[in-house]
Structure formats: C-alpha cells, structure tokens
Amino acid sequence: MEDVDAAGLDFWSFVALANRRLAHEYGFRHQLATEVLLTLNRASDLVTYDLEAAVHRPRGRSWSAFRLLFVVWLAGPLEPTSAARLTGMSRAAVSNLVKTLVAEGMLHRVPDERDGRSVQLSLTEAGHEEMVSVFREHNEREFGWTNALTETEQRILVMLLGKLITSRAEFGTRSRK
C-alpha cells in the first residue's frame, strides 16, 4: 500500500493517486471511467455551489428553489410530477418546496381543472419578476463559467453530456421519475 501525504493532495493529484491505487492495488480496469466521472462530479459541484453561493443564497433562495422556479417559469403551468421530472428532484422534494414558495408568494398552487386530484403550479407576478431579475445575474455567471471554452467546445461538451445522459438506459441505470 502506497504511503500518501493527504495534506499535499489537490483534486488532480488525488485523481492520479486513485487511478494508480485502483489499478495496481485492487486490479480495477476502468480508471478512465472513474476519472471522467470524478471530474464530471467535481465540475458539477463547483458550478452548482458557485451559482448558489454567488447568486441565489444572497437572495434568500436555495439551488433547489431556483431550479423549481426556473422550470415553472419557462414550462409552467405544470403539475408537480412534471416539475419533479424536469428538475431532477423527487416528487417529495418538489412538494416541500412548493409549500415554502407558495407561502412566500412566489408560486400559485391551484387545482387542475381537468383532474381534481392534481394541482397546477404557476408563478405569481412576484415570482415572475424575481425570475427575470435573478436570471440576468445567473446567466452572466453561467457565461463566466463557460467562457473558458470556445463556442464549438461548449457545443461538443453539451453533445458529449447528452450522449452520457441518453445512453444510461443501456445498462439499467436508476433515475428519478
């Protein structure tokens, strides 16, 4: 077993260490797969944390609340089940957020006219105004992150991530409904 000075590791040296140890000490064969997903998760975590900390928390919103408001803003009115599917959140998480956002005057929650057992979510006027305002700042921050890549590189990255997302059914992955 290799001695490691964990205090001296950064993300990239940890990835290199993981690849070496997984291959040599444990015999795992797919180090590149591990490296790709470690990097994808790290990038996602960094971007999400930055957007939440720089844009949404100062406005009193969580990342989850922003995602729900964003989906309702652009795709609403819609049922909570559709909102959960589009945000990637569980139905229970959406239900809990809806209660808070209704109480804060950001969302309307009204019975569905076609199906009395269901409800429709839509933005209030205050919710709409907040989304237009917050998305200006959010979108500038997104641009700051993606500006490190050329437009072509951005399109290639979207294509590659799309390929990962759509190919997941080939090996029976789980996802939220």
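Select glutamate 104 and arginine 61 to begin: their side chains meet in a salt bridge at 2.4 Å, N to O, the term being used for a side-chain nitrogen of Lys or Arg within 4 Å of a carboxyl oxygen of Asp or Glu. Glutamate 104 lies in the loop between α5 (91-103) and β1 (107-111) and arginine 61 in the loop between α2 and α3, so the pair ties together parts that are 43 residues apart in sequence. Helices (H or I, at least four residues) and strands (E, at least two) are DSSP runs, numbered from the N terminus. Adding Glu130 to the selection shows one network, in which salt bridges that share partners join Arg61, Glu104 and Glu130.

This is a predicted model, in which local features need pLDDT of at least 70 and side-chain atom pairs count only at pLDDT 80 or more, while totals for chains, interfaces and linings use all residues. Residues are numbered from 1 along each chain as its sequence is written, and side-chain values use heavy atoms, with hydrogens and water left out.

Colouring by accessibility, with buried meaning under 20% relative accessible area, exposed over 50% and partly exposed in between (1.4 Å probe, protein chains only), shows arginine 61 as buried at 11% and glutamate 104 as partly exposed at 40%.

Next, select arginine 59 and glutamate 137, whose salt bridge has its closest N and O atoms 3.4 Å apart. This pair links distant parts of the chain, with arginine 59 in the loop between α2 and α3 and glutamate 137 in helix α6, 78 residues apart.

Stay in helix α6 (residues 125-146) and pick histidine 138, which counts as buried at 2% relative accessibility. Leaving aside its neighbours within four places in sequence, histidine 138 is in contact (heavy atoms within 4.5 Å) with Leu51, Val55, His56, Trp63 and Phe66.

Two of those partners lead to the last stop: tryptophan 63 and phenylalanine 66 form a tilted aromatic pair, 5.7 Å centre to centre with 35° between the planes. Rings of Phe, Tyr and Trp (its six-membered ring) pair if their centres lie within 6.5 Å, and planes under 30 degrees apart count as stacked, over 60 as edge-to-face and the rest as tilted. Being three residues apart in helix α3 (residues 63-75), tryptophan 63 and phenylalanine 66 are separated by about one helical turn, and both are buried. Extend the selection to Phe70, Trp73 and Phe135, and the aromatic cluster that these form with Trp63 and Phe66 is in view.
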